[in-house]
Amino acid sequence: LPNTLELPEAKVNRTNPEIRILLPEGYRLNAEGPSFARFFEGSPPKEKLKQEWKREALAKSTTLALADLKEDTDYLLQGTFYFCLEAKNAVCKIASVSFPVRVDSGGTEKIEVNLK
C-alpha cells in the first residue's frame with residue numbers, strides 16, 4: 001500500500017460505530033482517484049469482506065457507518081485515499097491505512113482516521 005499510515009488497533013464500545021476519515025484542512029477527495037475502503041471480518045488469511053466503500057460513496061461522505069459488529073471477533077479496516085488541495089493545479093496526496101478494529105466496552109463510539 002502506498003504511503004501507509006501506521007495506526008494502532010481501534011477499540012469501539014458499540015456494535016454500530018462510525019469511522020470518520022479526516023482529510024487535511026483545504027483538501028478534498030480526488031474525484032478521479034480510485035479511493036476505497038474495505039472492512040473485513042476475521043484475521044488474514046481467512047478474512048471475509050464485510051463492507052466496502054468505493055470512490056463514488058466516499059465522494060459523498062467520508063464517514064463510514066459500520067453495523068452488526070460482534071464482541072470477540074477480529075475486524076480489519078483497509079483503505080487508500082487520493083486527496084487534493086482545493087486549488088487550481090493543486091498538490092495531490094495518497095494515504096493508505098490498515099488497522100484492526102475490536103468491540104470492547106472500554107472503547108469509543110467512533111473512530112477518527114486522521115490523514116494529515
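This is a short walk through a few local backbone and side-chain features of one model.

Okay, ground rules before we dig in. The model is predicted, so local features need pLDDT of at least 70 and side-chain atom pairs count only at pLDDT 80 or more, while totals for chains, interfaces and linings use all residues. Residues are numbered from 1 along each chain as its sequence is written, and side-chain values use heavy atoms, with hydrogens and water left out.

Let's start with the backbone. Where is the cis peptide bond? It joins P44 and P45, with omega at about 5 degrees. P45 sits in the loop between strand 5 (36-41) and strand 6 (48-53). When I say strand, I mean a DSSP run of E with at least two residues, numbered from the N terminus.

Next stop, the loop between strand 7 (63-65) and strand 8 (75-85), which is where you'll find D68. Phi of D68 is near 60 degrees, so to speak on the positive side, and D68 is not a glycine. How accessible is D68? Its relative accessibility is 59%, and that makes D68 exposed. The cut-offs, for the record: buried is under 20% relative accessible area, exposed is over 50%, and partly exposed is in between, with a 1.4 Å probe and protein chains only.

Stay in that loop between strand 7 and strand 8, because D72 is there too. For D72, phi is near 55 degrees, again a positive value in a residue other than glycine. D72 is exposed as well, at 72% relative accessible area.

Now move along to T73, also in the loop between strand 7 and strand 8. Buried or exposed, what's T73? Buried, at 16% relative accessibility. And which residues does T73 touch? If you skip residues up to four places away in sequence, you get E41, V101 and R102. A contact here means heavy atoms within 4.5 Å.

Last topic, the sulfurs. How many disulfides does a search of the whole structure find? One. The criterion is a pair of cysteine sulfur atoms within 2.5 Å. The partners are C84 and C92, with their sulfur atoms 2.0 Å apart. For the torsion fans, there are 100 degrees about the S-S bond, and the link of C84 and C92 is right-handed. As for accessibility, C84 is buried at 5%, whereas C92 is partly exposed at 44%.

That's my tour, happy to take questions.

Note on methods
Helices (H or I, at least four residues) and strands (E, at least two) are DSSP runs, numbered from the N terminus.
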